[in-house]
Amino acid sequence: MATTYNLKPWALAATLVAAATTQSALAEDAHSYAKLQEVATPHLELDLTVDFAAKQLRGTATYDLARHGDATEVHMDTRELTISKAEIWQDNAWQETQFTLAEPHETLGQELTISIGEESDKVRIHYHTAPTASGLQWLTPEQTKSGKFPFMFSQSQPIHARSWIPIQDTPALRLTYDATLRTPAGMLAVMSADNQLDTELDGDYSFSMPQPIPPYLIAIAAGELVVKEISDNVAVFAEPYIIDDAAWEWADTPAMITATEEMYGPYRWDRYDLLVLPPSFPFGGMENPRLSFITPTVVSGDRTLINLIAHELAHSWSGNLVTNASWRDLWLNEGFTSYVENRIMEALFGERRAQMELALGYQDLLENMERLAPKDTVLNIDLGTRHPDDVFSQVPYVKGQLFLVYLENKFGRETFDNFLRQYFDDFAFQSISTAEFKEYLARHLLAKNPGVVSMDKVNEWIHQPGLPADAPQPTSNAFAEVEKQMQRWLKGGQLKTEDWTTHEWLHFINNLPLDISSVNMRRLDEQFNLTQSKNAEIAHAWLKLSIVKDYEPARDRLRNYLLTIGRNKLVSPLYRELAKRPDNLKWAREIYQQAKPGYHPLTQTVNEALLYPQQ
C-alpha cells in the first residue's frame, strides 16, 4: 500500500499521477538500469546519519513498490555505494532478501537487483556512501567562512542521486519522499522538502516532500546555517556571514512568484526558499523544489544578477512541474526555463533589461557552438550512453529558449502564453519526451493556427544541428550604445558608466578588441578597478581578457579567484584560456592542485580534462 497523505486536492492528484503507468513513465532511459515498466518506486523513506568524520551518509532507503506485471525483481541504480542488506516487507515483518550488484559501468555505475517475491509491496536497503560520492561534497570547518562547523551538500542532477541513494535514477520516475536525518548538534540539515524556519538545532531532523518529483531533485545539505524570512512563503538559508546580504539581494523573489503565476498559473510547491551554498558549489543554481541551491557568486550587492533566481524559480513550472523524461530531452527543462526566466525579468524590470540578457545569452550560444561538434548542437541530442553531464551546454538552454521566442514571434505573445499555461496544467507532475511535446504542440498550437509554422520547421529546430536561418538574433539598443562609447574610448575619450548594469559591463569587456593595448588595459583598470571587482561575473570577464592580453597586474587576483570560487561557469573558461600557452598551463596546474581539495567533484572532472587532456 502506498502511504496516504493529508494533501491539498492538487497534491493528492499529483501523487496518483506519479504512480500512474503513463507511456513516458515507462519509457526506457539509456542512463538508468530501472525497469519502470515492471516495478516502479513511487515513494521513498530515507533514514540517514550524516557522518562528517567518515565523509559518508549511512542508513536505509525504504520504497513502496508499484508493480506492473508479475516481475519478482526491482532494478535500481547505484554508484560507489556499499549495500549491506536488503529486506522486503512480507507477512507483516521485514525479511532479508537476496540482492546482486553488477560490475561497475564507467558512466552508469552499478545495477542493483533485489528479489522482491510475488506479493511484497515494500523494500528496504541498508547502505552507506563512499567519501568520493560524485553527488556529495564534504567541506572541513577550515573550508567554511566561520571555521566552526563542517559543511556537506548534494548535487544530484543529472545522474548523481545514485551516488548517495540506491534509487531508480531516471527522470521518467516521479516519487514523493519522507526523510529523517541526524547530524552533530548545533548544525542545521535542510532538504528539497518542507524545511521548518524555527527548527531546534538538536541534530535530529524530519522532512516530507508530498509533491512527486524526479530523483535528481532530491537534495540535502547540512552545516552552520541560519534563516531569514523575505515574505510569508520565501526565506533564505545561509551561513551567518552572508545571510543579510543574500536576503537583501533577493528581496524581489516574492514579486517574481506573483508575476509568473499571472502568466503561467499557480505556484504548486507551497514555499519557495533559497539556500546559499559555499563558493565551491559547481553551478549558479540548482532548482531543488521548495529549496533552490544558489551560488554566493550572484550576491553582487546591486541585484543585477537576480536573473539567476528568476531562472531557478522558473523551474518550478518548467522542469520541476513538467520534467524531461530522459536527459536527451533536457531542452524541455532548460529551454523552457530560460524562456520563462526572461519573461519574469521583463515583467519585473522592463523590456530593456530582458533584451540585454537575451542578447548576452545569444552571444554565449554562438561562442559555445563554435567549440561543439555539430551533433551536440541538436536540441533532442543523441547521447547514447555518454554521461549526461555532457549535454549541459548553452544549446539546451539558449537554443531551446530561442525556439520558444521564435514560436512567440510567429503566433503572438497572447496565443503562445495561453498555449504554455495549458501545457503546464496538462502535464503537471509528469515527465514527458520530446516526441510527446511535438505531438502536443501539433495538436494544441499548430493545428489551431494553421499555416503559421510547419512541423518541418519544428523538426528543423529540434532535430537539426545549429540554428535555422530564420532563427531570432537578439540584439540590444543598450549594447549598441555601449559599443559607441567603446569606440570613443578607444580613441582617447571617456566612458560614461554611471547607469551601467552588469550586463552592459559584460558586453563592453567581452567585445573589446583583442589587440587592445596594455596601456588601454591599465587605463581601464585604474579608472574602474576591474581587477578587484566584487562582482564575480565582471571579474570573470576581465580576468579572461587579462589572460589573453597577458596583463600582469591581474595575475594575483586571478590566482585568488581560482582558489576561492568553484563555480564551473566562472573557473573553467579561465583554465581553458590558460591551457592554450605552455607557460600559463604550468602555472594553472600549480593553482589547480592547490584549489582541488575545495572544488566539487564535478568541477574537478571538467577542469582536469582541460588541464590534463592526455591523462
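**Exercise 1. Two helices, α15 and α16**

At roughly what angle do the axes of α15 and helix α16 cross, and within how many Å do they come? Then classify the pair and describe the contact.

*Solution.* The model is predicted.

Step 1. Start with the geometry. The axes of α15 and α16 (residues 568-578) cross at roughly 130° and come within 10 Å.

Step 2. Classify the angle. Angles over 145 degrees count as roughly antiparallel, and 65 to 115 as roughly perpendicular, with oblique for the rest beyond the roughly parallel range. α15 is therefore oblique to α16.

Step 3. Give the handedness. The crossing of α15 past α16 is left-handed.

Step 4. List the contact residues. α15 brings R555, L558, Y561 and L562. They meet L570, V571, L574, Y575 and L578 of α16.

Step 5. Sort them by class. The contact has 8 nonpolar residues, 1 charged residue and no polar ones.

**Exercise 2. A second helix pair**

Work out how α9 and α10 are oriented, and say which residues meet.

*Solution.*

Step 1. Find the angle and the distance. Helix α9 (residues 434-446) packs with helix α10 (residues 455-463) at about 150°, and their axes are 12 Å apart.

Step 2. Apply the cut-off. Angles over 145 degrees count as roughly antiparallel. So α9 and α10 are roughly antiparallel to each other.

Step 3. Add the handedness. α9 and α10 make a right-handed crossing.

Step 4. Name the partners. On α9 they are T434, K438, L441, A442 and L446. On α10 they are M455, V458, N459, I462 and H463.

Step 5. Sort by class. The contact of α9 with α10 has 6 nonpolar, 3 polar and 1 charged residues.

**Exercise 3. A closed space**

How many cavities of 30 Å³ or more are there? Describe the second largest.

*Solution.*

Step 1. Count. There are 3 cavities of 30 Å³ or more.

Step 2. Give the volume. The second largest cavity has about 60 Å³.

Step 3. Name the lining. It consists of L543, S546, I547, D550, Y551, E552, A554, R555, L558 and N584.

Step 4. Assign elements. α14 (536-549) and α15 (555-564) each give two or more residues to this lining. α14 gives the most, with 3 residues.

Step 5. Sort by class. The lining of the second largest cavity has 5 nonpolar, 2 polar and 3 charged residues.

Step 6. Link back to Exercise 1. R555 and L558 line this cavity. R555 and L558 are also among the α15 residues that meet α16.

**Exercise 4. An open space**

Which residues lie nearest the centre of the second largest pocket? Add the volume and the make-up of the lining.

*Solution.*

Step 1. Give the volume. The second largest pocket has about 880 Å³.

Step 2. Go to the centre. Of the 33 lining residues, K145, Y241, P279, T564 and I565 lie nearest it.

Step 3. Assign elements. α15 and α17 (582-595) each give two or more residues to the pocket lining. α15 gives the most, with 5 residues.

Step 4. Sort by class. The pocket lining divides into 14 nonpolar, 13 polar and 6 charged residues.

**Exercise 5. Two backbone details**

Is the peptide bond from Q157 to P158 cis or trans? Place P158, then turn to E80.

*Solution.*

Step 1. Check omega. The value is near -5°, and the bond from Q157 to P158 is cis.

Step 2. Place P158. This residue sits in the loop between β10 (151-154) and β11 (175-182).

Step 3. Check phi of E80. The angle is near 60°, a positive value in a residue other than glycine.

Step 4. Place E80. The loop between β3 (73-78) and β4 (82-90) holds E80.

Terms used: Residues numbered from 1 in each chain as written. Predicted model: local features only at pLDDT ≥ 70, side-chain atom pairs only at ≥ 80, totals over all residues. Heavy atoms only, no water. 1 Å grid on protein atoms, 1.4 Å probe; cavity = no way out; pocket = protein on both sides within 12 Å on 5 of 7 lines; lining within 4 Å. Points joined across faces, edges and corners; volume = space filled by probe spheres on them. Helix = DSSP H or I, 4+ residues; strand = E, 2+ residues; numbered from the N terminus. Nonpolar A, V, L, I, M, F, W, Y, C, P; charged D, E, K, R; others polar. Axes fitted to C-alpha atoms, helices over the stretch in contact; angles between N-to-C directions. Parallel < 35°, antiparallel > 145°, perpendicular 65-115°, else oblique. Left-handed = near helix turned anticlockwise from the far one by under 90°. Contact = heavy atoms within 4.5 Å.
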